[in-house]
Amino acid sequence: MSIEIKQAKCIAVLGTGSDVGKSVVATALCRIFSDQGHKVAPYKAQNMSNNSGVTPEGLEMGRAQIVQAEAARIAPHVDMNPVLLKPVTQIGSQVVLLGKVHKDLSAAEYHREKAKLWDTACGALDRLRAGNDVLVMEGAGSCAEVNLMARDIVNLKMAAYAKAPVILTADIDRGGVFAQIVGTLACLNKAEQDMIAGFIINRFRGDIALFKEGVAWIEKKTDKPVFGVLPWVNHRIPNEDSVVIEQAVAKIDPAKTPTVLVVRTPHISNFTDFDPLFQVDGLGVDFVEHPRDLAAYKAVILPGSKSTRSDLNWLARTGWASKIQTYVKNGGHVLGVCGGYQMLGTKVHDPHGLEGTPGDTDGLGLLPLETVLKAPKTTTISRFEWDGVPGLGYEIHMGRTVSADRIASGKPEDNGLLRVKERNRQACTDFDGAAADFGRVMGTYMHGFFDSAPILKKWLSLLGLGKLEPPESCGLHGRDRQYDMLARHFETHVDVAAIVSAMN
């Protein structure tokens, strides 16, 4: 069944909670509608995540909607995620509005600005509707947080504004799926209940035939259809939230399997940078929170951070700093990406208090560089070369990382790890990153560093793992294949025609 296009149709994918699969369902629908020949775009009014990316215009938005735009075969645009919250403290976030930093707000301050943010979000949705056939809208967390619903701009209120039928997504793997669904409906008023067109049950393990009675019970209890039950599948669609790495403990024995350890810092961001590593057969990847002996690991990675100075203090306080310094002294390889790159230097200066109280913090001292945090934020899509090997990445960071004498003079570095050839489609001749100890210590601002198979192969060779082969397409081409596989999996187990019928 095809969609009858009179005006842009909307479908809203909301959830019974966080990490129940909303992003994956929305991604699958974006690819399916694109396959049907429709001009489709994703939309999420407000996203809270430190996992962000950059549009071709050099503006910042949530990674989940960038992934969904890829699935829809279109370029990402900030209208797809007009409000992005990047947590910087337990009670406050940096607010990114239409791709640009707005200001840091506490939760209370943010709620006082909701009227303005609502208008911004509605304007973005209206523009997307004007230029597309279909919008796949994604909610945030649970759509039935009764203490927050009056101020909500992303779930049922936005679905009502768009006149979008709602697919309620639940996760059976975490247990209590009947209570998830029925309990969510019980928290809604009659008008809100009527917006729910049906349900998708995600992450089922075992024989689906054994759940027929469960489906029948839900449909009888709610008088609404279950559009489908999705079996658990180990897809490689980039995750939006750090929920996937909250259980950050060592799972792989590095003495038996060549393993890369990623330090799970408290303010980790853009952890999807390391997804391509999971696709290398024969390579282990562990996100680890608590310090451990590093001698057997092939490399240690310091990831991006939303609060570099705070994470540096955490590294020192927990003992990670000394572990990493000893590891390098004994011949180990360390890579720092973005905030992790800043941590590898000797100092991080924050004269204007961009991350909190103004001041300076000692770095790990593994690169002879210092960082000065300052606005505006750099947001670029960048083409680069590493010793002639081409790559494509993106940069999102505050400040400059240069040698001490360059900080004093204000001059940029005239060499570095990477030669940058293009930023935001503008040709340039620039440098990024640094290396020391014969390349055993490396740092770069380039997110997506491993998305190019030749770059990943070069790095593995540097670790002495040249026999391991990354997949031929571990960047966008690899993700594109995953979107196709996800769409076929979804069509096999979900009644897409019934969803389309609810939209018409």
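A residue is called buried when its relative accessible area is under 20%, exposed when that area is over 50%, and partly exposed in between, using a 1.4 Å probe and protein chains only. Helices (H or I, at least four residues) and strands (E, at least two) are DSSP runs, numbered from the N terminus. The structure is a predicted model, in which local features need pLDDT of at least 70 and side-chain atom pairs count only at pLDDT 80 or more, while totals for chains, interfaces and linings use all residues. Residues are numbered from 1 along each chain as its sequence is written, and side-chain values use heavy atoms, with hydrogens and water left out.

Begin with helix α1, residues 22–35. Of its 14 residues, 13 are buried, so α1 is largely enclosed by the rest of the structure. The expected span of a helix is 1.5 Å times one less than its number of residues. For α1 this gives 20 Å, and the end C-alpha atoms are 20 Å apart, which agrees. After α1 comes glycine 37, with a positive phi near 95°.

Next come the sheets. Two strands pair if DSSP finds at least two bridges between them. One open sheet has six strands in the order β2-β9-β1-β10-β11-β12, and its pairing is parallel. At its edges are β2 (40–43) and β12 (226–231), each of which pairs on one side only. Angles here run from 0 to 180 degrees between N-to-C directions, and axes are lines fitted to C-alpha atoms, for helices over the stretch in contact. On average, neighbouring strands of this six-stranded sheet are turned by 20° against each other, direction ignored. Strand β2 runs parallel to strand β9 (residues 134–138), and four bridges join the two. Within that pair, valine 40 has valine 134 of β9 as its bridge partner.

Two helices can be followed from here, where contact means heavy atoms within 4.5 Å. Helix α16 (residues 496–503) packs on the sheet and touches β1 (9–15), β9, β10 (166–171), β11 and β12. The direction of α16 makes about 120° with that of β1. Helix α15 (residues 476–493) lies across β11 (196–204) and β12, running at about 130° to β12.

A second open sheet has four strands in the order β3-β6-β7-β8, with mixed pairing. Why is one side of β3 (46–48) and of β8 (100–106) left without a neighbour in the sheet? Both stand at the edges with a single partner strand each, so one side of each has no neighbouring strand. Neighbouring strands of this sheet are turned by 25° against each other on average, direction ignored. Inside the sheet, β6 and strand β7 (residues 92–97) are antiparallel and pair over five bridges. Valine 83 stands opposite leucine 97 of β7.

Helix α4 (residues 114–131) lies across β3, β6, β7 and β8, at about 35° to β7. With 18 residues, α4 reaches 26 Å from its first C-alpha to its last, close to the 26 Å expected at 1.5 Å a residue. Its buried residues include Leu117, Trp118, Ala124 and Leu128.

Aspartate 79 sits in the loop between α2 (63–71) and β6 (83–87). Is aspartate 79 buried or exposed? Its relative accessibility is 7%, so aspartate 79 counts as buried. Leaving out residues up to four places away in sequence, aspartate 79 touches Tyr43, Leu98, Ala124, Arg127 and Leu128. A polar contact is a pair of N or O atoms within 3.5 Å; within protein, one must be able to donate a hydrogen and the other to accept it, and residues adjacent in sequence count only if both atoms are side-chain atoms. The side chains of aspartate 79 and arginine 127 make such a contact at 2.8 Å.

Further along the chain is strand β21 (residues 370–386), which pairs in the parallel sense with strand β19 (residues 347–350) over three bridges. There, valine 348 stands opposite threonine 371 of β21. Strand β22 (residues 389–402) runs antiparallel to β21, joined by 13 bridges. Two residues lie between the strands of this hairpin, where aspartate 387 takes a positive phi near 50°. Strand β23 (residues 418–423) also pairs with β21, in the antiparallel sense and over four bridges. Phenylalanine 384 has glycine 391 as its bridge partner in β22 and valine 420 as its bridge partner in β23.

Last, proline 276 belongs to helix α9 (residues 275–278). At 1% relative accessibility, proline 276 counts as buried. Proline 276 and glycine 475 are 199 residues apart in sequence, yet their C-alpha atoms are 7.4 Å apart in space.
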